[in-house]
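Here's a quick back-and-forth about how the labels on a model get earned. Have a look at it before reading on.

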Amino acid sequence: MPDVNQVKQALLQLDKHSGDNWHLFEPLLQPVEFSSGSFLAHAGRVSSAIYFILSGIVRVFTVHQDKEVSLDFAFPGQFSTAYASFITQQPSIVSLQAITPVNGFAFYYADLQELYKRSHAAEHTGRLLAEYQYVRKYHRELAFLQYSAKERYLQLLAEHPQVVQQIPVKYIASYLGIEPESLSRIRRGL
């Protein structure tokens, strides 16, 4: 069985009081495994789970003008979901795909909603998770305004050095908003 303590630690980072509620969250955790290329969520379908990534890398992407656009990556120790779909229970416009084999846990929508009805403290932790997702997205959008593609690439490397070895260049380039050839030039210049 995968280590649930990593999930507990991640929740404690969001909410120092969530340790008091851990007994409420722990029974909801469902171990999940995905092979490389498998989908955790599909565009056009309602997202029913929030995933905590223990190992592996997940890519969040959409298709725009017949081209896949990488919007985000989730690394070990992070949560990932098609969040807009998850909270609205409407079909998603993004897909989540395992780039490498992924192990982790899932919290399912119906289970969390039932928990939130029973526990204000658990609902508070859920709100903090939503705020965490928002802040990650906000920082990514600001990076596009404040930094060059090279600076965004260097930041990605500094935060997640495994990117170079495990994520295809075309996905990284798309995430940075550039063509693969431009990323190759950046890499050669480093």
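What follows takes a few labels and sets each against its cut-off.

This is a predicted model, so local features need pLDDT of at least 70 and side-chain atom pairs count only at pLDDT 80 or more, while totals for chains, interfaces and linings use all residues. Residues are numbered from 1 along each chain as its sequence is written, and side-chain values use heavy atoms, with hydrogens and water left out.

Q: How do you know that the radius of gyration of the protein chain agrees with a compact globule?
A: The rule, with the radius taken over C-alpha atoms, is 2.2 Å times the number of residues to the power 0.38. For 190 residues that lands near 16 Å, and the chain has 17 Å, which agrees.

Q: Why is the pair of Phe39 and Phe61 called tilted?
A: Rings of Phe, Tyr and Trp (its six-membered ring) pair if their centres lie within 6.5 Å; planes under 30 degrees apart are stacked, over 60 edge-to-face, and the rest tilted. Phe39 and Phe61 sit 6.2 Å centre to centre with 55° between the planes, so they're a tilted pair.

Q: What makes this pair of Phe39 and Phe61 tie together parts apart in sequence?
A: Phe39 is in strand S2 and Phe61 in strand S4, so the pair joins parts 22 residues apart in sequence. Strands here are DSSP runs (E, at least two residues) and helices likewise (H or I, at least four), numbered from the N terminus.

Q: Is Phe61 buried or exposed, and what about Phe39?
A: Buried means under 20% relative accessible area, exposed over 50%, and partly exposed in between (1.4 Å probe, protein chains only). Phe61 has 5%, so it counts as buried, whereas Phe39, with 31%, is partly exposed.

Q: Why is the contact between Glu179 and Lys67 called a salt bridge?
A: The label needs a side-chain nitrogen of Lys or Arg within 4 Å of a carboxyl oxygen of Asp or Glu. Glu179 and Lys67 come to 3.0 Å, N to O, so they make the cut. Lys67 lies in strand S5 and Glu179 in the loop between helix H8 and helix H9, so the pair ties together parts 112 residues apart.

Q: How far apart in helix H5 are Glu131 and Arg127?
A: They're 4 residues apart, which means about one helical turn. Their closest N and O atoms are 3.0 Å apart, so this is a salt bridge too.
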